[in-house]
Amino acid sequence: MADTPIHLEQGLFAGGTDKIVRIAVRGPGNFTVSPLLKQFGVLAIAEGCTRLVLDLRECSAVDSTFLGVLAGLAGRGKRQDQWRMDVIRLSEKLRDTLVTLGLDRLMALHATVPADLAGLPEGTDGLQPLRPRPPPDRNATRQTMIEAHESLSELSETNAQRFKDVLAFLRQNGTGNGDGT
């Protein structure tokens, strides 16, 4: 009898204490989960979180919207100087991407788990799936995409050039039924 494949739920999972919140990504970190990441991150910070830990051990890929939301959240922490963000269990390739975009100036990047977080469970163990409240509609997702790419563009002139066409497209095609009309 053949083994039946196990289909694990993809998305964002979170848990922790009042001060340290861990978010794990299972599957892609992309524009579909970005509004939820932003919503949860802002809420955690407002409720007194002093350290947001993003665990990418089970993350299969990321897109620029997801990275821009990270930049926006981490930038808020830098400006307020009340909390910090750590990205843990980060592949070398993704680390290089984050450094190229300048996100290493906003958050701590770790290939493993830093010693002061050594007690963290692996991946999504002990975390609960996050569900958006309310679920983002098309306009909310588009607005998150615009804000994310603006956050990346603010990091450097190179990023501004890199994402100018994406921003122009998102701003121009933000109305209608999703097919540009």
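Contact means heavy atoms within 4.5 Å. The exercises below concern a predicted model.

**Exercise 1. Leu56 and its surroundings**

Determine where Leu56 lies, whether Leu56 is buried or exposed, and which residues it touches beyond four places in sequence.

Solution.
1. Locate the residue: Leu56 belongs to the loop that joins β3 and β4 (59–62).
2. Classify its accessibility. The cut-off for buried is under 20% relative accessible area. Leu56 has 6% relative accessibility, so Leu56 counts as buried.
3. List the contacts. With residues up to four places away in sequence not counted, Leu56 touches Val25, Val87, Ile88, Arg89, Leu90 and Leu94.
4. Add a distance: Gly27 is 29 residues from Leu56 in sequence, and their C-alpha atoms are 9.3 Å apart in space.

**Exercise 2. Two consecutive positions, Ile88 and Arg89**

Assign Ile88 and Arg89 to their elements, and state what backbone feature is found at Arg89.

Solution.
1. Ile88 is placed in strand β5, whereas Arg89 falls in the loop between β5 (84–88) and α3 (92–101).
2. Ile88 has a relative accessible area of 0% and is therefore buried. Arg89, at 12%, is likewise buried.
3. Outside the four-place sequence window, Ile88 touches Val53, Leu54, Asp55, Leu56, His110, Thr112, Val113, Pro114 and Leu120.
4. One of these partners, Leu54, is 34 residues from Ile88 along the chain, with a C-alpha separation of 6.1 Å.
5. For the backbone, phi of Arg89 is near 55°, which is a positive value in a residue other than glycine.

**Exercise 3. Three further loop residues**

For Asn30, Cys49 and Pro134, identify the loop that holds each residue and decide which of them are buried or exposed.

Solution.
1. Asn30 is found between β2 (20–29) and α1. Its relative accessible area is 17%, so Asn30 is buried. Apart from neighbours within four places in sequence, Asn30 is in contact with Asp63 and Phe66.
2. Cys49 is found in the loop between α1 and β3 (51–55). With a relative accessibility of 3%, Cys49 counts as buried.
3. The contacts of Cys49, neighbours within four places in sequence set aside, are Asp18, Lys19, Val21, Ala44 and Trp83. Gly77 is 28 residues from Cys49 along the chain, and 10 Å separates their C-alpha atoms.
4. Pro134 occupies the loop between β7 (128–129) and α4. The cut-off for exposed is over 50% relative accessible area. Pro134 has 63% relative accessibility and therefore counts as exposed.
5. In space, Pro134 and Leu152 are 26 Å apart, C-alpha to C-alpha, with their positions 18 residues apart in sequence.

**Exercise 4. The largest pocket**

Describe the volume and lining of the largest pocket, and state which element gives the most residues to the lining.

Solution.
1. The volume of the largest pocket is about 310 Å³.
2. Its lining consists of 18 residues, of which Ala71, Gly72, Leu73, Glu147 and Ser151 are the closest to the pocket centre.
3. Two or more lining residues come from each of α1 (34–46), α2 (64–80) and α4 (138–155).
4. The most residues come from α2, which gives eight to the lining of the largest pocket.
5. By class, the lining has seven nonpolar, five polar and six charged residues.

**Exercise 5. Aromatic rings**

Find how many aromatic pairs the model has, and identify which ring lies under the charged end of Arg26.

Solution.
1. For a pair, the ring centres must lie within 6.5 Å. The count of aromatic pairs is zero.
2. For a charge over a ring, CZ of Arg must be within 6 Å of the ring centre and within 35 degrees of the ring normal.
3. The ring is that of Phe13: the charged end of Arg26 sits over it, 4.8 Å from the ring centre.

Terms used
Residues numbered from 1 in each chain as written. Predicted model: local features only at pLDDT ≥ 70, side-chain atom pairs only at ≥ 80, totals over all residues. Heavy atoms only, no water. Phe/Tyr/Trp six-rings, centres within 6.5 Å; stacked < 30°, edge-to-face > 60°. 1 Å grid on protein atoms, 1.4 Å probe; cavity = no way out; pocket = protein on both sides within 12 Å on 5 of 7 lines; lining within 4 Å. Points joined across faces, edges and corners; volume = space filled by probe spheres on them. Nonpolar A, V, L, I, M, F, W, Y, C, P; charged D, E, K, R; others polar. Buried < 20%, exposed > 50% of the residue type's maximum accessible area, 1.4 Å probe, protein only.
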